[in-house]
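Reader: I'm new to this one, so could you walk me through it? Let's get the structure up and start from there.

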Amino acid sequence: MAYTVPTTPAEPAWTLSATCRCLTEDLGLAPEACQRPIADLTGAHQVIADFVKKRGEYPIGNETIKALLPRVVAYALHSGRFRAATWHHEAAGIVWLLAARWHEQGRADDAYPYFEHLLRTGQLLPTRTDAARVVDQRRPTFAHALYLDVPRMRRWALDHPGNIQEGVIGGRVRVRVAFENGTDGLLYVAITRRLLPGTLPLPLAWDIQVLAAFFPGLPLEDIDYIDHIAGHALANDEVGYCGLVQRDGEAGFPTADAQT
Amino acid sequence: MLQEGYLMTTKSKPIRIFAQDDHALEAVARLQRQSRAQVIHAALAEYLLNHREELSRLYAETQQALAAGDMDRLVRATETTRDAEVDAIMATIPS
(Lines give C-alpha, C1' and ligand atoms only; values in the text may rest on other atoms or scores of the structure.)
Protein backbone atom coordinates (compact mmCIF):
# COMPACT_ATOMS: atom_id res chain seq x y z
CA MET A 1 0.00 0.00 0.00
CA ALA A 2 1.34 3.43 -0.90
CA TYR A 3 0.93 6.57 1.15
CA THR A 4 1.33 10.10 -0.13
CA VAL A 5 2.36 12.84 2.22
CA PRO A 6 2.23 16.53 1.33
CA THR A 7 5.70 17.94 0.96
CA THR A 8 6.61 21.57 1.46
CA PRO A 9 7.92 23.92 0.25
CA ALA A 10 7.42 23.13 -3.42
CA GLU A 11 7.74 24.63 -6.85
CA PRO A 12 4.43 25.28 -8.60
CA ALA A 13 3.33 23.19 -11.56
CA TRP A 14 4.88 25.83 -13.82
CA THR A 15 7.14 28.77 -13.19
CA LEU A 16 6.47 32.23 -14.60
CA SER A 17 9.42 34.15 -15.94
CA ALA A 18 10.31 36.80 -18.52
CA THR A 19 13.25 37.23 -20.80
CA CYS A 20 15.53 39.99 -19.67
CA ARG A 21 15.31 41.52 -23.13
CA CYS A 22 11.54 41.82 -22.80
CA LEU A 23 11.74 43.43 -19.36
CA THR A 24 14.36 45.98 -20.31
CA GLU A 25 13.73 46.74 -23.99
CA ASP A 26 9.98 46.26 -24.29
CA LEU A 27 8.81 47.28 -20.83
CA GLY A 28 11.55 49.76 -19.96
CA LEU A 29 12.63 48.23 -16.67
CA ALA A 30 16.13 48.60 -15.30
CA PRO A 31 18.49 45.63 -15.86
CA GLU A 32 18.42 44.92 -12.12
CA ALA A 33 14.77 43.92 -12.47
CA CYS A 34 15.85 40.82 -14.39
CA GLN A 35 17.26 39.33 -11.21
CA ARG A 36 13.98 39.54 -9.33
CA PRO A 37 11.14 36.99 -9.46
CA ILE A 38 8.49 38.11 -11.94
CA ALA A 39 5.86 38.11 -9.20
CA ASP A 40 7.77 40.93 -7.51
CA LEU A 41 7.48 43.10 -10.62
CA THR A 42 3.71 43.27 -11.01
CA GLY A 43 3.70 46.90 -9.87
CA ALA A 44 6.26 47.86 -12.48
CA HIS A 45 4.09 47.39 -15.58
CA GLN A 46 0.50 46.37 -16.30
CA VAL A 47 1.65 43.77 -18.83
CA ILE A 48 3.57 41.99 -16.09
CA ALA A 49 0.61 42.18 -13.73
CA ASP A 50 -1.68 40.67 -16.38
CA PHE A 51 0.91 38.03 -17.28
CA VAL A 52 1.25 36.92 -13.67
CA LYS A 53 -2.49 36.88 -13.13
CA LYS A 54 -3.57 35.17 -16.36
CA ARG A 55 -0.70 32.76 -16.96
CA GLY A 56 -0.54 32.01 -13.26
CA GLU A 57 -4.05 30.64 -13.57
CA TYR A 58 -3.43 28.72 -16.80
CA PRO A 59 -0.18 28.39 -18.77
CA ILE A 60 -1.58 29.06 -22.23
CA GLY A 61 -4.04 31.51 -23.76
CA ASN A 62 -6.77 31.21 -26.39
CA GLU A 63 -5.05 32.89 -29.32
CA THR A 64 -1.86 31.56 -30.87
CA ILE A 65 0.40 34.05 -32.64
CA LYS A 66 0.30 32.73 -36.19
CA ALA A 67 3.33 34.66 -37.38
CA LEU A 68 5.53 32.66 -35.00
CA LEU A 69 4.22 29.25 -36.05
CA PRO A 70 5.37 26.55 -36.52
CA ARG A 71 8.65 27.31 -34.77
CA VAL A 72 7.12 28.61 -31.56
CA VAL A 73 3.60 28.01 -30.29
CA ALA A 74 3.25 31.33 -28.49
CA TYR A 75 0.03 32.85 -27.21
CA ALA A 76 -1.12 36.45 -27.33
CA LEU A 77 -1.76 38.12 -24.01
CA HIS A 78 -4.02 41.17 -24.10
CA SER A 79 -3.16 43.90 -21.64
CA GLY A 80 -5.06 47.07 -22.54
CA ARG A 81 -3.62 48.24 -25.85
CA PHE A 82 -0.51 46.16 -25.30
CA ARG A 83 -0.05 42.71 -26.75
CA ALA A 84 2.44 40.29 -25.30
CA ALA A 85 3.79 36.98 -26.56
CA THR A 86 3.92 34.18 -24.00
CA TRP A 87 5.29 30.69 -24.49
CA HIS A 88 4.59 27.61 -22.40
CA HIS A 89 7.96 25.89 -22.35
CA GLU A 90 6.51 22.58 -21.26
CA ALA A 91 9.72 20.58 -21.10
CA ALA A 92 11.15 22.97 -18.53
CA GLY A 93 7.90 23.79 -16.75
CA ILE A 94 8.26 27.52 -17.48
CA VAL A 95 5.84 30.03 -18.97
CA TRP A 96 7.89 32.81 -20.54
CA LEU A 97 6.90 36.38 -21.22
CA LEU A 98 8.83 36.77 -24.46
CA ALA A 99 7.91 40.20 -25.78
CA ALA A 100 5.39 43.02 -25.45
CA ARG A 101 4.47 46.06 -27.53
CA TRP A 102 1.71 48.54 -28.22
CA HIS A 103 -0.86 47.12 -30.62
CA GLU A 104 -2.24 49.21 -33.44
CA GLN A 105 -3.14 47.16 -36.46
CA GLY A 106 -1.67 48.33 -39.73
CA ARG A 107 1.17 50.30 -38.22
CA ALA A 108 4.69 49.23 -39.07
CA ASP A 109 5.67 49.10 -35.42
CA ASP A 110 2.63 47.08 -34.37
CA ALA A 111 3.19 44.29 -31.83
CA TYR A 112 2.75 41.30 -34.12
CA PRO A 113 5.24 42.23 -36.86
CA TYR A 114 7.60 43.15 -34.05
CA PHE A 115 7.30 39.67 -32.50
CA GLU A 116 7.98 38.11 -35.89
CA HIS A 117 11.02 40.34 -36.36
CA LEU A 118 12.38 39.31 -32.96
CA LEU A 119 12.02 35.63 -33.81
CA ARG A 120 13.64 36.08 -37.21
CA THR A 121 16.60 37.91 -35.69
CA GLY A 122 17.10 35.48 -32.83
CA GLN A 123 15.99 37.84 -30.06
CA LEU A 124 12.63 36.41 -29.08
CA LEU A 125 13.40 33.20 -27.23
CA PRO A 126 15.04 32.86 -23.80
CA THR A 127 18.82 33.02 -23.60
CA ARG A 128 21.05 30.83 -21.49
CA THR A 129 21.20 33.65 -18.94
CA ASP A 130 17.41 33.71 -18.75
CA ALA A 131 17.29 29.94 -18.20
CA ALA A 132 20.03 30.12 -15.57
CA ARG A 133 18.07 32.75 -13.69
CA VAL A 134 15.07 30.44 -13.37
CA VAL A 135 17.29 27.59 -12.25
CA ASP A 136 18.88 29.81 -9.62
CA GLN A 137 15.52 30.93 -8.32
CA ARG A 138 14.41 27.31 -7.98
CA ARG A 139 17.52 26.04 -6.22
CA PRO A 140 16.77 27.31 -2.69
CA THR A 141 13.35 25.64 -2.77
CA PHE A 142 14.91 22.27 -3.46
CA ALA A 143 17.62 22.76 -0.84
CA HIS A 144 15.07 23.63 1.83
CA ALA A 145 12.95 20.66 0.86
CA LEU A 146 15.94 18.33 1.16
CA TYR A 147 16.39 19.62 4.68
CA LEU A 148 12.72 19.65 5.70
CA ASP A 149 10.97 16.92 3.73
CA VAL A 150 13.46 14.09 3.44
CA PRO A 151 14.03 13.51 7.19
CA ARG A 152 10.26 13.43 7.67
CA MET A 153 9.75 10.94 4.84
CA ARG A 154 12.63 8.84 6.11
CA ARG A 155 11.29 8.83 9.66
CA TRP A 156 7.85 7.82 8.43
CA ALA A 157 9.27 4.95 6.40
CA LEU A 158 11.29 3.67 9.35
CA ASP A 159 8.22 3.81 11.57
CA HIS A 160 6.08 1.95 9.03
CA PRO A 161 8.13 -1.00 7.75
CA GLY A 162 6.86 -2.58 4.57
CA ASN A 163 4.83 0.46 3.50
CA ILE A 164 5.75 2.62 0.54
CA GLN A 165 5.56 6.36 0.93
CA GLU A 166 5.39 8.72 -2.04
CA GLY A 167 6.39 12.35 -2.17
CA VAL A 168 7.73 15.11 -4.41
CA ILE A 169 10.77 16.77 -2.89
CA GLY A 170 10.42 20.50 -3.29
CA GLY A 171 8.09 19.95 -6.21
CA ARG A 172 11.16 18.85 -8.21
CA VAL A 173 11.95 15.18 -7.62
CA ARG A 174 9.36 12.44 -7.21
CA VAL A 175 10.45 9.69 -4.85
CA ARG A 176 9.06 6.59 -3.20
CA VAL A 177 10.63 5.32 -0.03
CA ALA A 178 10.18 2.13 1.99
CA PHE A 179 11.90 0.37 4.86
CA GLU A 180 12.15 -3.39 5.10
CA ASN A 181 12.59 -4.36 8.68
CA GLY A 182 14.57 -7.52 8.23
CA THR A 183 17.71 -8.44 10.10
CA ASP A 184 19.63 -5.98 8.01
CA GLY A 185 17.03 -3.20 7.80
CA LEU A 186 17.06 -1.93 4.22
CA LEU A 187 15.87 1.52 3.26
CA TYR A 188 14.72 1.71 -0.37
CA VAL A 189 14.52 4.94 -2.34
CA ALA A 190 13.04 4.96 -5.84
CA ILE A 191 13.69 8.16 -7.77
CA THR A 192 11.70 9.12 -10.85
CA ARG A 193 14.02 10.16 -13.65
CA ARG A 194 12.23 13.38 -14.49
CA LEU A 195 12.91 16.82 -13.20
CA LEU A 196 9.71 18.54 -12.20
CA PRO A 197 8.02 20.76 -13.13
CA GLY A 198 8.34 19.75 -16.77
CA THR A 199 9.65 16.68 -18.50
CA LEU A 200 13.43 17.09 -18.52
CA PRO A 201 15.51 14.06 -17.55
CA LEU A 202 16.84 14.13 -14.01
CA PRO A 203 20.65 14.53 -13.95
CA LEU A 204 22.39 11.83 -11.88
CA ALA A 205 23.82 14.50 -9.57
CA TRP A 206 20.31 15.13 -8.29
CA ASP A 207 20.00 11.47 -7.31
CA ILE A 208 23.22 11.84 -5.38
CA GLN A 209 21.88 14.77 -3.35
CA VAL A 210 18.60 13.01 -2.63
CA LEU A 211 20.49 9.91 -1.52
CA ALA A 212 22.76 12.00 0.71
CA ALA A 213 19.66 13.29 2.48
CA PHE A 214 18.04 9.87 2.83
CA PHE A 215 21.22 8.14 4.04
CA PRO A 216 22.93 10.43 6.56
CA GLY A 217 26.05 8.80 7.86
CA LEU A 218 26.19 6.16 5.13
CA PRO A 219 29.04 6.39 2.60
CA LEU A 220 28.03 6.58 -1.05
CA GLU A 221 29.92 3.36 -1.70
CA ASP A 222 27.49 1.50 0.59
CA ILE A 223 24.41 2.36 -1.46
CA ASP A 224 23.26 -0.21 -4.00
CA TYR A 225 21.28 -0.01 -7.18
CA ILE A 226 18.24 -2.25 -6.91
CA ASP A 227 15.50 -3.17 -9.35
CA HIS A 228 12.58 -3.14 -6.93
CA ILE A 229 11.33 -1.22 -3.91
CA ALA A 230 10.69 -3.48 -0.93
CA GLY A 231 9.70 -6.27 -3.28
CA HIS A 232 7.42 -4.10 -5.43
CA ALA A 233 8.15 -3.30 -9.06
CA LEU A 234 9.68 0.01 -10.03
CA ALA A 235 7.80 2.28 -12.39
CA ASN A 236 9.19 2.50 -15.93
CA ASP A 237 10.90 5.81 -15.26
CA GLU A 238 12.27 5.04 -11.79
CA VAL A 239 15.70 4.01 -10.61
CA GLY A 240 15.91 2.20 -7.29
CA TYR A 241 18.56 2.48 -4.58
CA CYS A 242 18.90 0.86 -1.18
CA GLY A 243 21.19 0.94 1.82
CA LEU A 244 21.43 -0.57 5.28
CA VAL A 245 19.83 1.52 7.99
CA GLN A 246 19.34 0.67 11.65
CA ARG A 247 15.76 0.43 12.87
CA ASP A 248 16.17 3.49 15.09
CA GLY A 249 17.12 5.24 11.89
CA GLU A 250 19.23 7.85 13.55
CA ALA A 251 22.77 6.74 13.01
CA GLY A 252 23.55 10.42 13.11
CA PHE A 253 24.85 12.76 10.50
CA PRO A 254 28.52 12.35 9.73
CA THR A 255 30.95 14.82 11.08
CA ALA A 256 33.23 16.69 8.74
CA ASP A 257 36.11 14.55 10.01
CA ALA A 258 34.25 11.35 9.24
CA GLN A 259 33.75 12.42 5.66
CA THR A 260 37.31 13.33 4.91
CA MET B 1 27.60 -0.76 -4.53
CA LEU B 2 27.63 2.24 -6.79
CA GLN B 3 30.58 0.80 -8.61
CA GLU B 4 30.85 -0.03 -12.25
CA GLY B 5 32.08 -3.59 -11.76
CA TYR B 6 29.22 -4.40 -9.45
CA LEU B 7 26.72 -2.98 -11.84
CA MET B 8 28.05 -4.93 -14.74
CA THR B 9 28.29 -8.31 -13.11
CA THR B 10 25.64 -8.84 -10.47
CA LYS B 11 22.38 -7.33 -11.67
CA SER B 12 20.29 -9.57 -13.85
CA LYS B 13 17.17 -7.46 -14.36
CA PRO B 14 17.12 -4.45 -16.65
CA ILE B 15 17.35 -0.98 -15.24
CA ARG B 16 14.25 0.96 -16.21
CA ILE B 17 14.54 3.76 -18.71
CA PHE B 18 12.47 6.52 -20.25
CA ALA B 19 9.99 5.29 -22.79
CA GLN B 20 11.24 7.84 -25.33
CA ASP B 21 14.75 6.39 -25.09
CA ASP B 22 13.49 3.01 -26.13
CA HIS B 23 14.14 3.19 -29.87
CA ALA B 24 17.61 4.66 -29.47
CA LEU B 25 18.47 2.05 -26.88
CA GLU B 26 17.29 -0.74 -29.14
CA ALA B 27 19.40 0.60 -31.99
CA VAL B 28 22.53 0.83 -29.84
CA ALA B 29 21.96 -2.64 -28.44
CA ARG B 30 21.68 -4.13 -31.92
CA LEU B 31 24.70 -2.24 -33.13
CA GLN B 32 26.84 -3.45 -30.24
CA ARG B 33 25.24 -6.91 -30.18
CA GLN B 34 24.43 -6.49 -26.51
CA SER B 35 21.27 -6.72 -24.47
CA ARG B 36 19.46 -3.52 -23.62
CA ALA B 37 20.30 -4.00 -19.93
CA GLN B 38 23.99 -4.34 -20.80
CA VAL B 39 23.87 -1.07 -22.72
CA ILE B 40 22.25 0.76 -19.81
CA HIS B 41 24.60 -0.72 -17.26
CA ALA B 42 27.59 0.16 -19.38
CA ALA B 43 26.37 3.75 -19.79
CA LEU B 44 25.82 4.17 -16.05
CA ALA B 45 29.14 2.54 -15.27
CA GLU B 46 30.95 4.82 -17.68
CA TYR B 47 29.26 7.88 -16.21
CA LEU B 48 30.09 6.85 -12.65
CA LEU B 49 33.66 6.07 -13.58
CA ASN B 50 34.14 9.45 -15.23
CA HIS B 51 32.41 11.42 -12.50
CA ARG B 52 33.21 9.38 -9.40
CA GLU B 53 35.17 12.04 -7.57
CA GLU B 54 32.71 14.80 -8.43
CA LEU B 55 29.72 12.73 -7.30
CA SER B 56 31.41 11.58 -4.10
CA ARG B 57 32.29 15.19 -3.28
CA LEU B 58 28.72 16.30 -3.91
CA TYR B 59 27.37 13.49 -1.74
CA ALA B 60 29.65 14.33 1.18
CA GLU B 61 29.09 18.07 0.86
CA THR B 62 25.32 17.61 0.85
CA GLN B 63 25.44 15.35 3.91
CA GLN B 64 27.57 17.83 5.81
CA ALA B 65 25.46 20.84 4.87
CA LEU B 66 22.31 19.01 5.96
CA ALA B 67 23.92 17.92 9.22
CA ALA B 68 24.87 21.51 9.96
CA GLY B 69 21.49 22.84 8.83
CA ASP B 70 23.43 25.28 6.67
CA MET B 71 21.07 26.28 3.87
CA ASP B 72 23.54 28.57 2.13
CA ARG B 73 26.08 25.77 1.99
CA LEU B 74 23.43 23.39 0.76
CA VAL B 75 22.40 25.77 -2.02
CA ARG B 76 26.05 26.17 -2.96
CA ALA B 77 26.40 22.39 -3.10
CA THR B 78 23.69 22.32 -5.75
CA GLU B 79 25.93 24.45 -7.97
CA THR B 80 27.14 21.18 -9.48
CA THR B 81 23.67 20.41 -10.73
CA ARG B 82 23.00 23.94 -11.99
CA ASP B 83 24.82 23.81 -15.31
CA ALA B 84 23.37 20.42 -16.17
CA GLU B 85 19.87 21.75 -15.64
CA VAL B 86 20.53 24.90 -17.66
CA ASP B 87 21.98 22.75 -20.47
CA ALA B 88 18.88 20.57 -20.43
CA ILE B 89 16.58 23.59 -20.60
CA MET B 90 18.52 25.16 -23.47
CA ALA B 91 18.40 21.89 -25.40
CA THR B 92 14.61 22.16 -25.51
CA ILE B 93 14.43 25.74 -26.81
CA PRO B 94 13.70 25.84 -30.58
CA SER B 95 16.75 26.85 -32.57
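Author: Sure. One bit of vocabulary before we start: angles under 35 degrees count as roughly parallel, over 145 as roughly antiparallel, 65 to 115 as roughly perpendicular, and the rest as oblique. Keep in mind, too, that this is a predicted model.

Reader: How are helix 4 and helix 5 of chain A oriented to each other?

Author: They pack at an angle of about 55°, with their axes 9 Å apart. That angle falls outside the ranges for parallel, antiparallel and perpendicular, so helix 4 of chain A and helix 5 of chain A are oblique.

Reader: And which residues of helix 5 of chain A does helix 4 of chain A meet?

Author: By class, this contact has 4 nonpolar, 1 polar and 1 charged residues. Helix 4 of chain A brings A:Leu146, A:Val150 and A:Arg154, and on the helix 5 side they meet A:Gln209, A:Ala213 and A:Phe214.

Reader: Which element of chain A gives the most to the side that touches chain B?

Author: Here 47 residues of chain A are in contact with 37 residues of chain B. Elements giving two or more residues to the chain A side include helix 5, strand 14 and helix 6. The top contributor, with 11 residues, is helix 4 of chain A.

Reader: Which element of chain B has the lowest mean pLDDT?

Author: Chain B averages a pLDDT of 72, and 63% of the residues score at least 70. Helix 4 of chain B has the highest mean among its elements, 87. At the other end, with a mean of 38, is helix 1 of chain B.

Methods: Residues are numbered from 1 along each chain as its sequence is written. Chains are lettered from A and ligands numbered from 1 in the order in which they are written. This is a predicted model: local features need pLDDT of at least 70, side-chain atom pairs count only at pLDDT 80 or more; totals for chains, interfaces and linings use all residues. Two residues are in contact if their C-beta atoms, placed from the backbone, lie within 7 Å. Helices (H or I, at least four residues) and strands (E, at least two) are DSSP runs, numbered from the N terminus. Axes are lines fitted to C-alpha atoms, for helices over the stretch in contact, and angles run from 0 to 180 degrees between N-to-C directions. Ala, Val, Leu, Ile, Met, Phe, Trp, Tyr, Cys and Pro count as nonpolar, Asp, Glu, Lys and Arg as charged, and the others, Gly among them, as polar. pLDDT is the predictor's confidence in each residue, from 0 to 100.
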